[in-house]
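Work through the exercises below with the sequence and the model open side by side. Try each task before reading its solution.

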Amino acid sequence: MTEAALPGGRQPLRLGAAEGARLLALLLPLGLLGGALGSQYVGGLVPCEMCYWQRWPHAAAILLGALAFAGAAASPRSRALTLLAAAAIAVSGGIGVYHAGVEIGILEGITPCTAGGATTLEDIMKVPLVRCDQVQWAFLGISMAGWNAILSLGGAALIVWLSLKARAR
């Protein structure tokens, strides 16, 4: 069986497991953090404290994933940075599981979960009250925290699997 070439005689892009893991370790947190920031600044959602907690590991994963591109995908340094990015993504997913548990009432929140930064009574009255135990937005019955948990933990597992697959070769 022969493979069809793309228009212009080009061949399709093929990524190995190490390259795919490294690319996913960069693009997944970029997409998730970008979605969170977009929902805040474009969509008008106000994040709670736990929403912010979920963002920091994604920021770390973006940095680690970008650094993994400094060398060859199969190099030990790139593989280690990719796996560290996967760990950071999984941490965000774990926080997302906890946050989703608070939202549906299975788990108790550990913070007052209100928007901070107010110093005077006037400031306090202007700051929107954002509770961690209330869902602001959901898709298919799953909150943003739930989607972060699903995508982060699933993506981290896929990155680890791809990295292990590449190492076995």
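**Exercise 1. Which residues line the largest cavity, and which classes do they belong to?**

Solution. Start with the rule. A cavity is a set of points on a 1 Å grid over the protein atoms alone where a 1.4 Å probe fits but cannot get out; lining residues have an atom within 4 Å of a point. Now list the lining: Ala18, Ala21, Ala73, Arg79, Thr82, Ser163 and Ala166. Sort these residues by class: four are nonpolar, two polar and one charged. Here Ala, Val, Leu, Ile, Met, Phe, Trp, Tyr, Cys and Pro count as nonpolar, Asp, Glu, Lys and Arg as charged, and the others, Gly among them, as polar. Next, trace the elements. α1 (17–41), α3 (76–103) and α5 (144–168) each give at least two lining residues.

Then take the volume, which is the space filled by probe spheres set on the points, with grid points joined across faces, edges and corners. The largest cavity holds about 40 Å³. The count of cavities of 30 Å³ or more is one.

Before going on, note the ground rules. The model is predicted: local features need pLDDT of at least 70, side-chain atom pairs count only at pLDDT 80 or more, and totals for chains, interfaces and linings use all residues. Residues are numbered from 1 along each chain as its sequence is written, and side-chain values use heavy atoms, with hydrogens and water left out.

**Exercise 2. What is the order of the elements from the N terminus on?**

Solution. Count the elements: the protein has five helices and two strands. Helices (H or I, at least four residues) and strands (E, at least two) are DSSP runs, numbered from the N terminus. Read along the chain and the order is α-α-α-α-β-β-α.

**Exercise 3. How do the axes of α2 and α3 cross?**

Solution. Take helix α2, residues 49–67, and α3. Their axes come within 8 Å and cross at roughly 170°. Axes are lines fitted to C-alpha atoms, for helices over the stretch in contact, and angles run from 0 to 180 degrees between N-to-C directions. So α2 is roughly antiparallel to α3, a label for angles over 145 degrees. Finish with the contact residues: 17 nonpolar, six polar and one charged.

**Exercise 4. How many disulfides does the whole structure hold?**

Solution. Apply the cut-off: a disulfide is a pair of cysteine sulfur atoms within 2.5 Å. The search finds zero. Check Cys51: its nearest cysteine sulfur, that of Cys48, is 3.5 Å away, and Cys51 is in no disulfide. Now compare accessibility. Buried means under 20% relative accessible area, exposed over 50%, partly exposed in between (1.4 Å probe, protein chains only). Cys48 is buried at 4%. Cys51 is partly exposed at 24%.

**Exercise 5. Buried, exposed or partly exposed: where do Ile62, Glu108 and Met144 fall?**

Solution. Set the background: buried residues make up 35% of the 169 residues.

- Ile62 sits in helix α2. Its relative accessible area of 18% makes it buried. The C-alpha atoms of Ile62 and Ala85 are 7.2 Å apart, with the two positions 23 residues apart in numbering.
- Glu108 is in the loop between α3 and α4 (121–126). At 68%, Glu108 is exposed. Glu108 and Asp133 are 25 residues apart in sequence and 8.7 Å apart, C-alpha to C-alpha.
- Met144 belongs to helix α5. At 31%, Met144 is partly exposed. Gly35 is 109 residues from Met144 in sequence, yet 9.6 Å away in space, C-alpha to C-alpha.

Conventions
On a 1 Å grid over the protein atoms alone, a cavity is a set of points where a 1.4 Å probe fits but cannot get out, and a pocket is an open set with protein on both sides within 12 Å along at least five of seven lines; lining residues have an atom within 4 Å of a point. Angles under 35 degrees count as roughly parallel, over 145 as roughly antiparallel, 65 to 115 as roughly perpendicular and the rest as oblique.
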